[in-house]
Amino acid sequence: MAIHYFAEETQVPAIKKREISRWIKAVAATYGKTTGEISYIFCNDSRILEVNRQYLQHDYYTDIITFDYTEGNRISGDIFISLDTVKSNAQEYGQRFEDELHRIIIHGILHLCGIKDKGEKERQQMTRCENQALEQLSVMQAEAQKENP
(Lines give C-alpha, C1' and ligand atoms only; values in the text may rest on other atoms or scores of the structure.)
Protein backbone atom coordinates (compact mmCIF):
# COMPACT_ATOMS: atom_id res chain seq x y z
CA MET A 1 0.00 0.00 0.00
CA ALA A 2 1.28 3.44 -0.82
CA ILE A 3 0.86 7.16 -0.41
CA HIS A 4 0.70 8.99 -3.73
CA TYR A 5 1.06 12.67 -4.60
CA PHE A 6 -0.69 14.12 -7.66
CA ALA A 7 -1.60 17.54 -8.98
CA GLU A 8 -4.58 18.84 -10.92
CA GLU A 9 -4.41 22.32 -12.44
CA THR A 10 -1.25 23.09 -10.43
CA GLN A 11 2.05 21.41 -9.53
CA VAL A 12 2.86 19.09 -6.65
CA PRO A 13 4.47 21.32 -4.02
CA ALA A 14 8.15 20.89 -3.19
CA ILE A 15 7.78 18.47 -0.28
CA LYS A 16 10.03 15.62 0.78
CA LYS A 17 7.65 12.84 -0.20
CA ARG A 18 9.49 9.99 1.54
CA GLU A 19 9.81 11.97 4.77
CA ILE A 20 6.17 13.07 4.66
CA SER A 21 5.00 9.51 3.89
CA ARG A 22 7.02 8.16 6.85
CA TRP A 23 5.47 10.84 9.05
CA ILE A 24 1.95 10.03 7.87
CA LYS A 25 2.48 6.34 8.66
CA ALA A 26 3.88 7.21 12.10
CA VAL A 27 0.92 9.47 12.91
CA ALA A 28 -1.56 6.83 11.76
CA ALA A 29 0.21 4.28 13.99
CA THR A 30 -0.30 6.52 17.05
CA TYR A 31 -4.05 6.04 16.46
CA GLY A 32 -3.71 2.28 16.00
CA LYS A 33 -4.06 2.54 12.22
CA THR A 34 -2.04 1.40 9.22
CA THR A 35 -1.99 3.12 5.87
CA GLY A 36 -3.59 1.68 2.79
CA GLU A 37 -3.93 3.56 -0.50
CA ILE A 38 -3.83 7.30 0.15
CA SER A 39 -3.79 9.82 -2.68
CA TYR A 40 -3.09 13.50 -2.20
CA ILE A 41 -4.41 15.60 -5.05
CA PHE A 42 -3.01 19.11 -4.92
CA CYS A 43 -5.12 21.59 -6.84
CA ASN A 44 -6.14 25.23 -7.10
CA ASP A 45 -9.19 27.02 -5.69
CA SER A 46 -11.31 26.58 -8.81
CA ARG A 47 -10.75 22.80 -8.82
CA ILE A 48 -11.52 22.35 -5.13
CA LEU A 49 -14.69 24.42 -5.54
CA GLU A 50 -15.69 22.14 -8.41
CA VAL A 51 -15.06 19.02 -6.28
CA ASN A 52 -16.94 20.56 -3.35
CA ARG A 53 -19.96 21.33 -5.53
CA GLN A 54 -19.95 18.04 -7.44
CA TYR A 55 -19.48 15.58 -4.59
CA LEU A 56 -20.59 17.40 -1.44
CA GLN A 57 -23.10 19.90 -2.81
CA HIS A 58 -21.23 22.71 -1.01
CA ASP A 59 -20.81 26.01 -2.83
CA TYR A 60 -17.69 27.39 -1.16
CA TYR A 61 -13.92 27.25 -1.25
CA THR A 62 -12.02 25.18 1.29
CA ASP A 63 -8.46 24.13 1.93
CA ILE A 64 -9.08 20.38 2.09
CA ILE A 65 -11.64 17.75 1.16
CA THR A 66 -11.10 14.20 2.40
CA PHE A 67 -12.84 11.21 0.83
CA ASP A 68 -12.61 8.37 3.33
CA TYR A 69 -12.32 4.77 2.05
CA THR A 70 -11.03 3.36 5.34
CA GLU A 71 -11.78 -0.27 6.15
CA GLY A 72 -11.20 -1.38 9.71
CA ASN A 73 -7.85 -0.09 10.95
CA ARG A 74 -6.40 0.46 7.47
CA ILE A 75 -6.88 4.08 6.46
CA SER A 76 -7.35 4.89 2.79
CA GLY A 77 -8.68 7.89 0.97
CA ASP A 78 -8.39 10.66 -1.57
CA ILE A 79 -7.37 14.00 -0.10
CA PHE A 80 -7.81 17.15 -2.20
CA ILE A 81 -5.80 20.17 -1.04
CA SER A 82 -6.14 23.65 -2.53
CA LEU A 83 -2.68 25.18 -2.58
CA ASP A 84 -4.25 28.60 -3.21
CA THR A 85 -6.19 28.41 0.05
CA VAL A 86 -3.22 26.97 1.95
CA LYS A 87 -1.17 29.95 0.77
CA SER A 88 -3.81 32.51 1.79
CA ASN A 89 -4.33 30.77 5.15
CA ALA A 90 -0.57 30.82 5.80
CA GLN A 91 -0.55 34.58 5.17
CA GLU A 92 -3.65 35.14 7.30
CA TYR A 93 -2.26 33.14 10.25
CA GLY A 94 1.30 34.44 9.91
CA GLN A 95 2.69 30.98 9.11
CA ARG A 96 5.20 29.78 6.57
CA PHE A 97 3.53 28.13 3.57
CA GLU A 98 5.40 24.87 4.27
CA ASP A 99 4.17 24.76 7.88
CA GLU A 100 0.56 25.41 6.89
CA LEU A 101 0.82 22.78 4.15
CA HIS A 102 2.07 20.21 6.66
CA ARG A 103 -0.84 21.06 8.96
CA ILE A 104 -3.34 20.51 6.14
CA ILE A 105 -1.64 17.33 4.94
CA ILE A 106 -1.94 15.78 8.40
CA HIS A 107 -5.46 17.19 8.91
CA GLY A 108 -6.69 14.83 6.19
CA ILE A 109 -4.94 11.87 7.81
CA LEU A 110 -6.48 12.72 11.19
CA HIS A 111 -9.91 12.68 9.55
CA LEU A 112 -9.14 9.22 8.17
CA CYS A 113 -8.12 8.19 11.71
CA GLY A 114 -11.56 9.25 12.96
CA ILE A 115 -10.87 12.75 14.33
CA LYS A 116 -13.79 15.09 13.58
CA ASP A 117 -13.93 18.90 13.52
CA LYS A 118 -17.58 19.93 13.21
CA GLY A 119 -18.26 21.57 16.58
CA GLU A 120 -16.05 23.82 18.72
CA LYS A 121 -14.88 21.00 21.01
CA GLU A 122 -14.11 18.78 18.04
CA ARG A 123 -12.17 21.62 16.35
CA GLN A 124 -10.13 22.12 19.52
CA GLN A 125 -9.37 18.39 19.63
CA MET A 126 -8.38 18.42 15.94
CA THR A 127 -6.03 21.35 16.56
CA ARG A 128 -4.42 19.52 19.49
CA CYS A 129 -3.96 16.42 17.33
CA GLU A 130 -2.51 18.51 14.48
CA ASN A 131 -0.07 20.17 16.87
CA GLN A 132 1.04 16.81 18.28
CA ALA A 133 1.57 15.47 14.76
CA LEU A 134 3.52 18.57 13.72
CA GLU A 135 5.74 18.17 16.78
CA GLN A 136 6.29 14.54 15.76
CA LEU A 137 7.38 15.76 12.30
CA SER A 138 9.83 18.23 13.87
CA VAL A 139 11.37 15.45 15.96
CA MET A 140 11.66 13.17 12.91
CA GLN A 141 13.29 15.96 10.88
CA ALA A 142 15.77 16.74 13.67
CA GLU A 143 16.71 13.06 13.96
CA ALA A 144 17.16 12.77 10.20
CA GLN A 145 19.38 15.85 10.18
CA LYS A 146 21.60 14.31 12.88
CA GLU A 147 21.96 11.14 10.80
CA ASN A 148 22.66 13.04 7.56
CA PRO A 149 24.27 16.39 8.45
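Let's start with Cys43 in this predicted model: the residue is buried, with a relative accessible area of 0%. Cys129 also counts as buried, at 4% relative accessibility. Could burial go along with a bond between sulfurs here? For Cys129, the closest cysteine sulfur belongs to Cys113 and lies 9.2 Å away, which is too far for a bond, since a disulfide needs the two sulfur atoms within 2.5 Å. By this rule the model has zero disulfides.

Now move to helix H1, which runs over residues 17–30. Its 14 residues, at 1.5 Å a residue, should span 20 Å, and because the C-alpha atoms at its ends are 20 Å apart, expectation and model agree. The buried residues of H1 are Glu19, Ile20, Ser21, Trp23, Ile24, Val27 and Ala28. Their cover includes three strands, S1 (3–7), S2 (34–43) and S4 (74–82), along with helices H4 (97–112) and H5 (120–147). Just after H1, look for Gly32, which adopts a positive phi of about 75°.

Helix H4 brings us to the annotated site. An unreviewed UniProt entry gives a "binding site" annotation to His107, His111 and Asp117, and the lining of the largest pocket includes His107, His111 and Asp117. His111 sits in H4, whereas Asp117 is found in the loop between H4 and H5. Setting aside residues up to four places away in sequence, His111 touches Thr66, Asp68, Lys116, Asp117 and Met126. On the same basis of leaving out neighbours within four places, Asp117 contacts His107, His111, Glu122, Arg123 and Met126. With His107, the side chain of Asp117 makes a polar contact of 3.1 Å.

Definitions and conventions
Residues are numbered from 1 along each chain as its sequence is written. This is a predicted model: local features need pLDDT of at least 70, side-chain atom pairs count only at pLDDT 80 or more; totals for chains, interfaces and linings use all residues. Side-chain values use heavy atoms; hydrogens and water are left out. Helices (H or I, at least four residues) and strands (E, at least two) are DSSP runs, numbered from the N terminus. The expected span of a helix is 1.5 Å times one less than its number of residues. Buried means under 20% relative accessible area, exposed over 50%, partly exposed in between (1.4 Å probe, protein chains only). Contact means heavy atoms within 4.5 Å. UniProt positions are given in the numbering used here, feature names are shortened, and annotations may be inferred rather than shown by experiment. On a 1 Å grid over the protein atoms alone, a cavity is a set of points where a 1.4 Å probe fits but cannot get out, and a pocket is an open set with protein on both sides within 12 Å along at least five of seven lines; lining residues have an atom within 4 Å of a point. A polar contact is a pair of N or O atoms within 3.5 Å; within protein, one must be able to donate a hydrogen and the other to accept it, and residues adjacent in sequence count only if both atoms are side-chain atoms.
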